[in-house]
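Good morning, and thank you for the time. I should like to present one chain, beginning with its overall make-up and then turning to two local details.

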Amino acid sequence: MKSVTRTRSLPGLLLALALVGLAVLAGLPHATADSGAQRGAPRAVAADASLSTVAAALRQSPVYVDPAASDQLSAADADALAQKIKDADKPLFVAVLPADQPTENLFTDLRTATGITGLYAVRLGDRFDARADSAVLPPTAVQNLVTSVRGDSGAATQLNDFTDRALVNMGGAAPAGWGSSGSGSGASPAALVTAGAVVLAGGAGAYVLVRRSRRRRVEEQRAALEKLRVVVDEDITAFGEELDRLDFHPAEAGADDAMRADYERSLDAYEKAKSLMAAATRPEDVRGVTETLEDGRFSLAQLAARREGGPLPERRPPCFFDPRHGPSVADAEWTPPAGSPREVPVCAADQVRLAEGHDPMVREVDTDQGRRPYWEAGPAYGPWAGGYFGGGILPGLLIGTMLGNMMAAPAYGAAYGGGYGDFGGGYQGGDVSGADFDPGDFGSFGGGFDGGGGFGGGGGDFGGGF
């Protein structure tokens, strides 16, 4: 995605404001045409299926159902889906269009017309696809999400499944234009035009937009860090309990300088991890904490080997399934659901479980969808996992999982500081960016549907689009 500096020029900000004004004006005919409808309702009020109509509706609400496709998704289902997206405060746009809707450049043109950074999902008849700005969700993650719901029957099931899975992983916040629902009467067109002119004339509006975007990023950082804090505190506590169970005394019989050095490094790691976590202010700060814990556990493993008179352990990554299991002892083949086999480092206990055909003991964390493995819990866990496994091997271990797909994309580095966490720079999900986006994120639409329910040659070439 093209680089965008954080500090934009005043003309650029005024252009963004102009787009907001145009969005309001474009939505006026639809808002006033149905005075009895709720403002921002997801149903279309006119039979015009042009992308300008779709875009105007999506600026008002996250779900649009064309009248010609109303048999695909009922008004009640559309309302419920829109409310779910609003409650999650994410920039997810869903459009249900007629099966014969032209598909050439559909996503790119819709994104341009809407002008808002986000994830765009479109259902045409019984066919479905999606695209996103990579600041919101990397292309590989979008591809996996689409593939995971292609077998769903019915628009309501498919769109709800896609929405549930996407909301867990996507970044950004809902555009301010959705707001809260209210009376459809609203202000008169003349009043809105006057208000828009006042905003466009002053630089104060631009300042407010910038402040709001920065405040939203800070809030996202805080929320992500609080999720991580629970998991990291559990890790620190588990490490402290390991130190207690070891019951080593530097003056005990048989203790030598090497043992005492191992023990001291373990104690130092425990105290350092607590201090680093107490000082953490951003999700990426967590990486230093888990790096420290991994070092401490290896020192404990060395100490245990020395006390038992056995060979010193090889320096290996921790157990992939749960780093609290300690350093791995071997690599074992593992296949995630709907993924491909790969070799992952495992502890002795999980090595036996896998060899006997049992599931490993997986580290699960809390998500909005309940307890999930850490690699399916969203991008905030990248810094946590990166501290344990390091940036070199982690994407390979996680390939085919949600977190792995995010980390493998350039957008992850842009959103999480070189791979592990800085919510910085550029347009964020929900920002008004107009046509200033990377069209590569939205693919090159090459010749329409393949006739078999898939996309671009049966779904194998995701870049082909509809």
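How many helices and strands are there in the chain? There are 14 helices and eight strands, taken as DSSP runs (helices H or I, at least four residues; strands E, at least two) and numbered from the N terminus. This is a predicted model, in which local features need pLDDT of at least 70 and side-chain atom pairs count only at pLDDT 80 or more, while totals for chains, interfaces and linings use all residues. Residues are numbered from 1 along each chain as its sequence is written, and side-chain values use heavy atoms, with hydrogens and water left out.

Of the 466 residues in the chain, 47% are buried, meaning under 20% relative accessible area with a 1.4 Å probe, protein chains only.

Consider first helix α5 (residues 139–149) and helix α6 (residues 155–169), whose axes come within 9 Å and cross at roughly 145°. Axes here are lines fitted to C-alpha atoms over the stretch in contact, and angles run from 0 to 180 degrees between N-to-C directions. On the α5 side, the contact (heavy atoms within 4.5 Å) is made by L145, V146, S148 and V149; α6 contributes Q158, D161, F162, R165 and A166.

Next comes strand β7 (residues 364–367), where V365 and T367 point to one face and are buried, while E364 and D366 point to the other and are not. A hairpin of two linking residues joins β7 to β8. Strand β8 (residues 370–373) pairs with β7 in the antiparallel sense over four bridges; pairing requires at least two DSSP bridges. In β8, R372 is the bridge partner of V365.

Note on methods. Buried means under 20% relative accessible area, exposed over 50%, partly exposed in between (1.4 Å probe, protein chains only).
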